[in-house]
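Let's walk through this one together, starting with the overall layout and then moving in to the helix packing and the place where the chains meet. Keep the structure open as you read.

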Amino acid sequence: MFEPVFISVMALMSIGAICGLVLSVASKVFYVYEDPRIAEVEYFLSGANCGGCGYAGCSAAAVAVVNGQAPPSVCIVAGMESAIAIAEVMGVDPGSAEPLMSKNECSGGNRADDHFLYNGVNTCQALAALHGGQRICSIGCLGQGDCIRACHFNAVHMGPNGFPVVDETMCVGCGACEKACPKNIIRVRTMSERLLHFNQEDDALAPCQQTCPAEIDIPRYIRQIKEGDYAGAVHTIRERNPLLLTCGRVCPHPCEDMCRRGIEDEAVSINQLKRFVADYEMNSGQRLPIPCAPETDKRVAVIGGGPAGLSCAYFLRRLGHHVKILDMMPKLGGMTRYGIPEYRLPKEVLQWETDGILNLGIDFQGNVKLGEDYTVDSLREEGFDAIFLGVGAWKDYKLRAEGEDLDGCFTGIDFLTRFASHQQGDSPDDVAIGKKCVVIGGGNTAIDCVRTLIRLGADEVSIVYRRTRKEMPANMVEIEAAEHEGVQFHFLAAPVKAVSDEKGHVKQLEYLKMELGEPDASGRRRPVPIEGSETLMDIDMLITAIGQGPDVGFIEKEEAIKDLEITRWSTIEADPETLQTNIPYIFAAGDAQTGASLVVEAIGGGRRAARAIHLYLSDEAVTPVPNSLRKRHIPESLFESVNGIAPIKRTPMPEMPVEERIKCFDEADLVISETDALRESNRCLNCCRICYDKDSCAA
Amino acid sequence: MGDYFVLIISCIFVNNILLAQFLGNCPFFGTSKKMETAVGMAMAVIFVLVMAGVITWMIYHFLLVNLGLTYLRTIAFILVIASLVQFVEMFLKKSIPALYAGLGIFLPLITTNCAVFGACVINIDKEYSFMQALVASFSYAVGFGLALILFAGVRERILLARVPRPLQDTSIALVTAGIISLSFYAFKGMV
């Protein structure tokens, strides 16, 4: 009677036992090492396998947490307690991993026209499947709100302009909206990922943003100004450029040359708008908070506190690394402080800006020079994991003409630096100026010298340049301002020698007259001397400002960097994409790497180097940005003509009257008014946002 | 040889496990929203079903029949299939990590899949020989994959259609599955 029951129970138990045995043996035989923390972390996850976190099940999420790809708060079901428990397993501060945040990349323009009549189901997925969608713009938002329906947290809602708006306080960064969007417009990224993004070939980029060396999202901040969201505009600029007050004043704005409105009308005054919001923040008396990623234990030494160094330090700090800036001058700013005169960039403004950057928790040590007070080796010993070289281009080129070392002869950068140091009280030595001053050269340094000399009360100030006005490399606005201020220009004149008086002081300048010949390699017509045209000019002060290069003398002072590659222009050789030098832990950008160039170029380089340093410090391969655009243009985004543009006058730059400004060092260019800024922001076509044909759409 | 051909056709089309026998409906609806997932699931089912069909046939004929315990078939099969999937998962993880990564989360999902269990039971009920059981298991799995992938294709198209609100998502999927099932009934006369 009981026998069959007994047998069946025994049979099942033995099958079970065999299965168990085989499995336990298998688990030993087929053992694959797995971080024990994965199991521990998984224990604290909800076990619902809901996929709400964006990973395929709880075990995948646990793996991501242990690999540092997901924060301890990854589970959207289990809540804070599990996050704290997981943080304990991982030995980190709960919530210290950077939160993911959804952001709608489409900041909207006016709604584009419809391609065709659509009667299908109202989802973006379906709409996108039909020839990419209904709207004329192939990039923009379709506005059917798939992301809104995908969000379980009510963090996305339809904005008044027909594109979704993300409520950052509600967003948990689950990534559902990004998956739902068929056009890759709504994206879930950490702040670090956004800070490290560089222009790529398939990005939706307006021509101005393609041109800007710092790659600022120009249409976005102009739109924010238009909406009165000045703080938002400042944040947008700061994602790419920490020196907005400086750039707003001194940038020659190459972006405006590519402005699409400029094809049919005058270009939008992009830089004045930047200056307007930058000044707005400064004058509001309150600094907008700048968020930083959680601290890492990596340390970076930034050598050189100029725009490149400041930009690199700023981005590295925001990525959570510890940064120390070292500079040979007593104060921060580099060439923007010691090269750009007070009337273009007031020291007070620059100080406010650099203070804001140091406030993020960056250390600064001034008055120390590489190769003299410290070496790369000593920095490595102090525990710096990577070194950034942004030493700038401070060495004036020599004229190689007789008599250029006489009394009363200066070089451009040397003169400007000495004067600036005295003016801001760093150095007690005043620079003695003459009555009849001549500056040789046609670049911005030469213009800065003459405009400074005018303000110092020199009777007669002239520029001697061997080509014509058209070939001058200085910014046109600067040349015009110098002309207004009474500077005399001697074009087609090549200095031969400086003649001294009996005391060894410069007395005369001898030059040869030139005429323009055939174009040379740079495409400019080469000046050819006219024989027997030697002319003498009475002077008592001579400044040669014919260009400058980096001073790389420090590499010979120590063994560790003896092999650092230097180009034949004595700039530091670095990979153009990653800015890594041939010594893997050394990175270089700014004038030291490019040769004398723009502030905004150095800022862009600093950020690019920060990306590479961040990769290097995270033990990842230091690879170039995929599909990097790097100042190249997307050909199809450059138009021959633009339809439907009604010309609207560009807001002129307010200036201090000439008679007043040549007597003092007060800022010569002024900021535009709020009314003008709003008017100017309305001239922006918001290119590559939703529609190209702004004026006709608005009508 | 001809018998095997008939067996294959019969298992894939005529007695399709999803559309004619209505087994394994949960993964049929759960993993058919995207083609990518459907293909992953289909591969995993082929892999597991062949293994399970062979092992359960051996368990039944060599163990249960000999001991006169055929009435324990259901519970024994469940035990064996569950252990088998676990074992295969461990084995793949160690030996063929690429395949493991490819099948991903679908392997453990099949642990309790009624299509797998159903096919094993059918093998026994129809008194197949070992070779027949092997071929039948494989064919059932191919039939499963075929139906799943077809259905995923249809569901991706349905996204573009205007579906009345009350019928959206799973409702329309059930209706569609019914229609596809009807079309499979056309194979009935073949064997």
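A good way in is the domain assignment of chain A, which gives domain 1 (34-97), domain 2 (104-189), domain 3 (299-394 + 564-617) and domain 4 (398-549). Notice that domain 3 is written as two segments, 299-394 and 564-617. If you take the centres over C-alpha atoms, domain 1 of chain A and domain 3 of chain A sit 38 Å apart.

Before going further, bear in mind that this is a predicted model, so how far can we lean on it? For the complex, the predictor reports an ipTM of 0.78 along with a pTM of 0.71. Chain A has a mean pLDDT of 85, with 93% of its residues at 70 or more. One stretch to treat separately is residues 690-699 of chain A, where pLDDT stays under 50; the model still has 26 contacts beyond four places in sequence for those residues. Chain B comes out with a mean pLDDT of 86, and 96% of its residues reach 70 or more. Within chain B, helix 8 (residues 130-158) has the highest confidence, at a mean of 93, while helix 6 (residues 106-109) has the lowest, at 72.

Now for some packing in chain A, beginning inside the 34-97 range of domain 1. Helix 2 (residues 36-44) of chain A and helix 3 (residues 57-66) of chain A have axes 8 Å apart and pack at an angle of about 125°. That angle makes helix 2 of chain A oblique to helix 3 of chain A. The crossing of these two is right-handed. From helix 2 of chain A, the contact draws on A:Arg37, A:Ile38, A:Val41 and A:Glu42, and helix 3 of chain A answers with A:Cys58, A:Ser59, A:Ala62, A:Val63, A:Val65 and A:Val66. Sorted by class, that contact has seven nonpolar residues, one polar and two charged.

Further along the chain, helix 10 (residues 218-226) of chain A meets helix 25 (residues 674-681) of chain A, at an angle of about 130° and with axes 8 Å apart. Helix 10 of chain A and helix 25 of chain A are therefore oblique to each other as well, but here the crossing is left-handed. The residues involved are A:Ile222, A:Ile225 and A:Lys226 on helix 10 of chain A, and A:Ala677, A:Leu678 and A:Ser681 on helix 25 of chain A. Four of the residues in this contact are nonpolar, one is polar and one is charged.

Over in chain B, have a look at helix 1 (residues 2-14) of chain B against helix 8 of chain B: the angle is about 35°, and the axes are 7 Å apart. This crossing is right-handed. Helix 1 of chain B brings B:Tyr4, B:Leu7, B:Ile8, B:Cys11, B:Ile12 and B:Phe13, and among their partners on helix 8 of chain B are B:Val135, B:Ala136, B:Tyr140 and B:Leu146. The contact has eleven nonpolar residues, three polar ones and no charged ones.

Finally, where do the residues joining the two chains come from? The contact takes 20 residues from chain A and 21 residues from chain B. On the chain B side, helix 4 (residues 73-95) of chain B supplies the largest share, eleven residues. By class, this side of chain B has 15 nonpolar, three polar and three charged residues.

Definitions and conventions: Residues numbered from 1 in each chain as written. Chains lettered and ligands numbered in written order. Predicted model: local features only at pLDDT ≥ 70, side-chain atom pairs only at ≥ 80, totals over all residues. Contact = placed C-beta atoms within 7 Å. Helix = DSSP H or I, 4+ residues; strand = E, 2+ residues; numbered from the N terminus. Nonpolar A, V, L, I, M, F, W, Y, C, P; charged D, E, K, R; others polar. pLDDT = per-residue confidence, 0-100. Axes fitted to C-alpha atoms, helices over the stretch in contact; angles between N-to-C directions. Parallel < 35°, antiparallel > 145°, perpendicular 65-115°, else oblique. Left-handed = near helix turned anticlockwise from the far one by under 90°. Domains from an automatic or database assignment.
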